[in-house]
Amino acid sequence: MNRHLFHITIVLTCVCGLTGADWRQFRGNDTTSVSSDQKVPTTISGTSVAWKLGLPGGGLSGPIAVGDQVFITASSGPDQDRLHVISVDAKTGKKRWERQYWATGRTMCHGTMRNATPTPASDGQRVVAFYSSNDLVCLDLAGNMLWYRGLTHDFPNASNSLGMASSPVIVDDTVIVQVESDAESFAMGIDVKTGTTRWKSTRPLRSNWTSPAVIQTKNGKQVLLQSSAGLAAIDAKTGKVAWEFGDGASTIPSSAVAGDTIYIASNGLTAIRPNDKGDKPEVLWNDNRLAPSNPSPVVVDGRTYTLSRGGILIAGDAKTGEVVWRLRLEGKGRYWSTPVVARGHLYAFHDSGLSHVIKLGDKKGEILSEYDFGETILCSPAIANGALYVRGHKHLWKIADGHD
Amino acid sequence: MKRMLLGIMLLAGIHGGRTDGFAAETGDLIKAIKTVGGKGEGHAAAIKSLKLLQAADASALPEIVKAFDGAGVLAANWLRSAFESVADRAITNKAPFPAKQLEALVKDTTQDARARRLAYEWLLKVDSGLDDRLIPSLLEDPSADFRRDAVARLLSEAETQLAAKKIDEAKATYRTALRGAVHDDQVKQIVAALKKQGETVDLQAHFGFLGQWNLIGPFDNKDKKGFPVVYPPEKEIKPDATYKGQLGDVKWQPLKTDDGYGVIDIGKQLENYKGSLMYAETKVDSPQDQHVQFRLGTANSWKLWVNGKLIFAREEYHRGMRMDQYRLDVDLKQGQNVILLKILQNEQTEDWAQRYQFQLRICDAAGSAALGKN
């Protein structure tokens, strides 16, 4: 019986993985910002809003979707020291449960940031929420807390007066966090079941807001840690460095991975390919014209997509780094939200709340819809089960055709 | 097998309502949770205990509230989560809820301030009139959250009085609100309203900012190398001493600020010596031994000593400055206490990297001035 159940579980897990039904962390399950979902709407309008939920606090953290739940974090109070983890019923938009905590680390952030800036992560059974104050909490999907860590409590100089933004990733059963500031910097692997430290490694002493990316190699998954120094690939379970790229990199947009190639915001945009020997990775090309601003690049179907400071979406050839086409979206204000891609369409969100859905063509991009959400949007959305989940400063929206 | 039986027995005890052994078992679970420390310490036992405690019925809630006494900041969040899981399930299932016991604990200011607030927020879900009954009496509560709610009510009342042209009553209400106000946004609102009526507020005294200091420097911090260097003021504080500084001999000199928020601006009041560091010294008298918070704001790197003991050191330049940016637990002794601050400026040239300032206040955990200004 147990073996039977085990097989059913394995089959279900595989099916879910193939359909990409969940969106379990910042930039999706594989940190590519690309979804295989084939039902997500290719335009956004008022009629595609399935539901809209008011949030108890602010946040730049994006939503994640696990099964029939959407999880979102928030922070509230005059000092941003009340931390919220919220489960929302994906179908109805009703809150299923909410848990709150008291921040144990420093909560000071730049005016545009909130303590709830990192996007939570899930392994499908648990949710791990992380905050600028370096509070890290793990709950089961029913809202029962499993463990709680305070990483600034443990390492009191690990904070940034502008705020911390790096989102955790979960690889197998290890939570990887990047905690990097001028005063104290480290990366840490934490056992998702117990909250205990598997490894801790020293990182460059420099403020950094990038998030880890994951690359699949012949030897298993590696986690890519980006900083002003460059990029380091580490083993998730041990933290051991497999290889390093030392030519420097941005501290805001994070690296994108497509197949065996990594696209890093370094000298504009640089494509590198690691080898199996652990040597310095091969630099395939770099081009200043493809430099991303704040949002991370997205690479899909042989094209790189970056958003410039002036609000221009730039498509590049992923093999050569040549600019293929440009499309002006919005010049006022800024883009902070990393766009997501599904069904050959890119979803971009301006900080004013204006969204664009762009059909990605070989030779040009075409804006299919513009929709104003009416409030600040600084985070990246989630795509799951035919829907787009969008988080603004005050609300969470579900966008779906037919409102499934 | 024995372990499994123990687990079943514990669960049966908790789910089965009150039994003679229940309190002791809940106490054991809480005890294990309160052993949680930093760096994952105590997790193995705490995780097992939390799972059982989260499955308890609502009769465990008062004991969980009491358990916050002496709990560290990490353990407090573990206890909080247990409380919320139990309370959420009880309210959802419309199960018996110990409202009277919890309300009594909320009123009991000897209980932990965080726990009282937690109980209050969950009681509100079953007792919508609780805020009207309780909040007006909590203006000077140990909980900053309760104070905030009480102040908000008074501000609303004062605005109503102003609208009715009851000016003297409104001024009195604002003054009452000020007694409890610990959050700057509310204080600003009060100060602005009183100013319109021709009244002023001593903000330094209200928040407990230290406005009178003695400074010495500049000492060398070129290439940010001064942070670990032990210059003479770290070894001795002699008011009449002369030392070799970065630009020549340096002596202690008094420097005060009339800024309401106690900002000592070295760059403006003295000079923005690039690649330098200064020492600032002051003394405060405490009527008794007491635990207080030092709240520091600065965009510069710094080290802080109280009575010769290093409290904290931080090497971060120009990532922003805000009131209460750093909160530091300090034990003051009865009588005179000596405060020494090392404040460092780097050599950045950008417009946004020129601040050479600090502000320091002494308050209780709620943010209310502990000593007044020096």
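This briefing describes how two chains meet in a predicted model and how two helices of one of them pack. Residues are numbered from 1 along each chain as its sequence is written, and chains are lettered from A in the order in which they are written. In this predicted model local features need pLDDT of at least 70, side-chain atom pairs count only at pLDDT 80 or more, and totals for chains, interfaces and linings use all residues, while side-chain values use heavy atoms and leave out hydrogens and water.

**Interface of chain A and chain B**

- The contact (heavy atoms within 4.5 Å) draws on 40 residues of chain A and 38 residues of chain B.
- Between them the two chains bury about 3,200 Å², 50% of it on carbon and sulfur atoms, where buried area is the accessible area (1.4 Å probe) that two parts lose on being put together, summed over both.
- On the side of chain A, the most area is lost to chain B by Trp102(A), Met108(A) and Met145(A), which together account for 21% of what that side buries.

**Salt bridges**

- The rule, a side-chain nitrogen of Lys or Arg within 4 Å of a carboxyl oxygen of Asp or Glu, finds five salt bridges across this interface.
- A salt bridge joins the side chains of Asp182(A) and Arg319(B), at 2.8 Å from N to O.

**Helix packing in chain B**

- Helix H9 (residues 144-163) and helix H10 (residues 167-180) of chain B, both DSSP runs (H or I, at least four residues) numbered from the N terminus, pack at an angle of about 170° with their axes 8 Å apart.
- H9(B) is therefore roughly antiparallel to H10(B), a term for angles over 145 degrees, with axes fitted to C-alpha atoms over the stretch in contact and angles running from 0 to 180 degrees between N-to-C directions.

How values were computed. Helix = DSSP H or I, 4+ residues; strand = E, 2+ residues; numbered from the N terminus. Parallel < 35°, antiparallel > 145°, perpendicular 65-115°, else oblique.
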